[in-house]
Amino acid sequence: MTEEKKKQDQTQKPLEANPQAAITDAEKADIRTPLSEAIRKFKKQKNSVIALCFILFLVLVAVVGYYLVPFGINQYDYNAILQGPSGKHLFGTDEFGRDLFSRIVCGTRISLAVGLSAVTVGAICGTILGLLSGYYGGIIDSIIMRICDTLFAFPGIILAIAIVAVLGSGLYNVVIAVAVFSTPTFARLVRSRTLALKEAVFVQAAKSMGASDMRILFKHILPGAIPEIIVQYTMSVGTSILTASSLSFLGMGAQPPTPEWGLLLSNGRNYLLESAHITLFPGLAIFFTVLSFNIFGDGLRDALDPKLTD
Amino acid sequence: MLKYTCKRILGMIPTLLIVVTFVFFFVRMIPGDPARLVAGEQATLEDVENVRVSLGLDKPIPVQYAKYVTGLMKGDLGMSLRTKRPVTKEISTRYVNTMKLTFISLFWSAVVGVALGVWSGIHRGKWQDYLGMAMAVSGISMPSFWVGFLLIMAFSVKLGWLPTTGASSWKAFILPAITLGVHIAAVVARFTRSSIIETMQEDYVRTARAKGLTERVVIWKHAFRNSLLSVVTVVGLQFGFLLGGAVVVEAVFAFPGLGSLLIESVNYRDYPAIQSLILIFSLQFVVINLLVDMLYAYLNPEIKLQ
């Protein structure tokens, strides 16, 4: 059955007393909402579906991995120092004989938590700033956009280093630093959507019905910006995991003996010659995590971008 | 064009002022007493006070700020607390190293990125496209310090071809430049691909094909030239990323540049140096963005005509 025919069928259905009851399951499947449309398009992209599955797997590892690992994260074993990968130690051991596999599995929790929380904070702050800036305009807009310009005048990681320099090193401060530098991106994005949606008929209608500014902003304008925010969010998670691990690598984030991936990698630099596995495996962990977020983000963008509708 | 240039340069001034002010106050918020740090652990209270006076840290913040801004105008960035030498002296040689490194990286990554992007774009949906884009998305997802270590393991430890540290010879630049450029090359490739795909659907490309031009001429003379405009912008904007990325890459290779100096200064709480370095990084970035805008305006006849 072609798409057109389906539509005709739906329109030709006689009106019944209870229209809700008249919709059968089969017909439900035909109704296209923006969400179902996006899911349909997303499913077409096999890579992104695989990436999503991998992300879900990582979340699972982050939640339960801690209880399932064969060795404790700080379980020293001086009889097994700097061993290569083996049946007992899947990823080998470090200079204290700690099992690298257990440490990397437990590090999943840290990297995901840091990446997700930083971007979430950044996205919420940026969205609110962008909404206010775009909706009210005038002086509020000027001030917010000046602040964004200033933040944009620093290359991302330099800003993060400056913030960590002020706040001191540590994972919480890394979260703050990454959140600050991801905020302006969201602010600009949401502002431009707000400017466009502000003039839309449904917003004007809501206004004329006497809806409050807050109601218009959060009930009418924000939903229109959600697809863009989601895409930007996913893309930013990868970047912020990379930045956070870079900061830990530079000694400004997680402190030993935390099994943070960037820190594990930085630790391996002293053993490049004899024990390459100490740098190899944490790097692979970061790589695959960031890769899956990037591929997932690409798929989401293609599924949600209204410009690409077929 | 001249009018546009002047307008843009004037428009930059408020941003720069805000940045300078922001950096000044920001660095003042770093916890710890710099005077005590300079005087040393064993110093008496009196010594610490003497150091404070000699550094001008006893003055009220507005006075310090005024002194700082007038110093900046004269090109004076203050004294490094760590080496007790003028910051400008500390920075100058390292500045050259970092600039060399970033430009080499920018050059190779732009060439490779554009080539990969065009190659993927003209083979849209075929295996070449998938291969190219798989490489690009991998390039974006790899932590640069990891790439650096892998290169060191392969070319320095295993093969012994290239040095792992320093900036003494041209050979020392190769590995850091490759490491720094990977991410940019990947970003440029992705962008070039979508830009090429867009222009390949334009009417003038169809016309060019219809009049019997070879595919090579169609691609390079018609499609590529027209997508070059947006590619130039993206390449230019990546410069800021390179400056930031240089910090990490310099740490991997113990490369004597601005980035490694920044890390050392942060670890030592060397205020004048941190403040100057952050300022230099952002100045660089703002100026480059301006140049990219100018180049864009120059290349884009639509803006030139206005």
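These legends go with three close-ups of a predicted model. Residues are numbered from 1 along each chain as its sequence is written, and chains are lettered from A in the order in which they are written. Local features here need pLDDT of at least 70, side-chain atom pairs count only at pLDDT 80 or more, and totals for chains, interfaces and linings use all residues.

**View 1. Helices α10 and α12 of chain B, packed together.** Helix α10(B) spans residues 215-253 and α12(B) spans 271-299 (helices are DSSP runs of H or I, at least four residues, numbered from the N terminus). Their axes, lines fitted to C-alpha atoms over the stretch in contact, sit 9 Å apart at about 175° (angles run from 0 to 180 degrees between N-to-C directions). That makes the pair roughly antiparallel, a label for angles over 145 degrees. Contact means C-beta atoms, placed from the backbone, within 7 Å. On the α10(B) side look for L229(B), F239(B) and L243(B), among others, and on the α12(B) side for residues including F281(B), I288(B) and Y296(B). The contact residues split into 12 nonpolar, 5 polar and no charged (Ala, Val, Leu, Ile, Met, Phe, Trp, Tyr, Cys and Pro are nonpolar; Asp, Glu, Lys and Arg charged; the others, Gly among them, polar).

**View 2. Where chain A touches chain B.** Chain A puts in 33 residues and chain B 36. On the chain A side, α7, α8, α11 and α13 each give two or more residues, with α13(A) supplying the largest share, 8 residues. By class, that side has 21 nonpolar, 9 polar and 3 charged residues.

**View 3. Helix α10 of chain A, hardly covered.** Of its 8 residues (201-208), 0 are buried (20 or more other C-beta atoms within 10 Å of a residue's own). After α10(A) comes G210(A), with a positive phi near 90°.

Note on methods. Angles under 35 degrees count as roughly parallel, over 145 as roughly antiparallel, 65 to 115 as roughly perpendicular and the rest as oblique. Two residues are in contact if their C-beta atoms, placed from the backbone, lie within 7 Å. A residue is buried if 20 or more other C-beta atoms lie within 10 Å of its own, exposed if 12 or fewer, and partly exposed in between; C-beta atoms are placed from the backbone.
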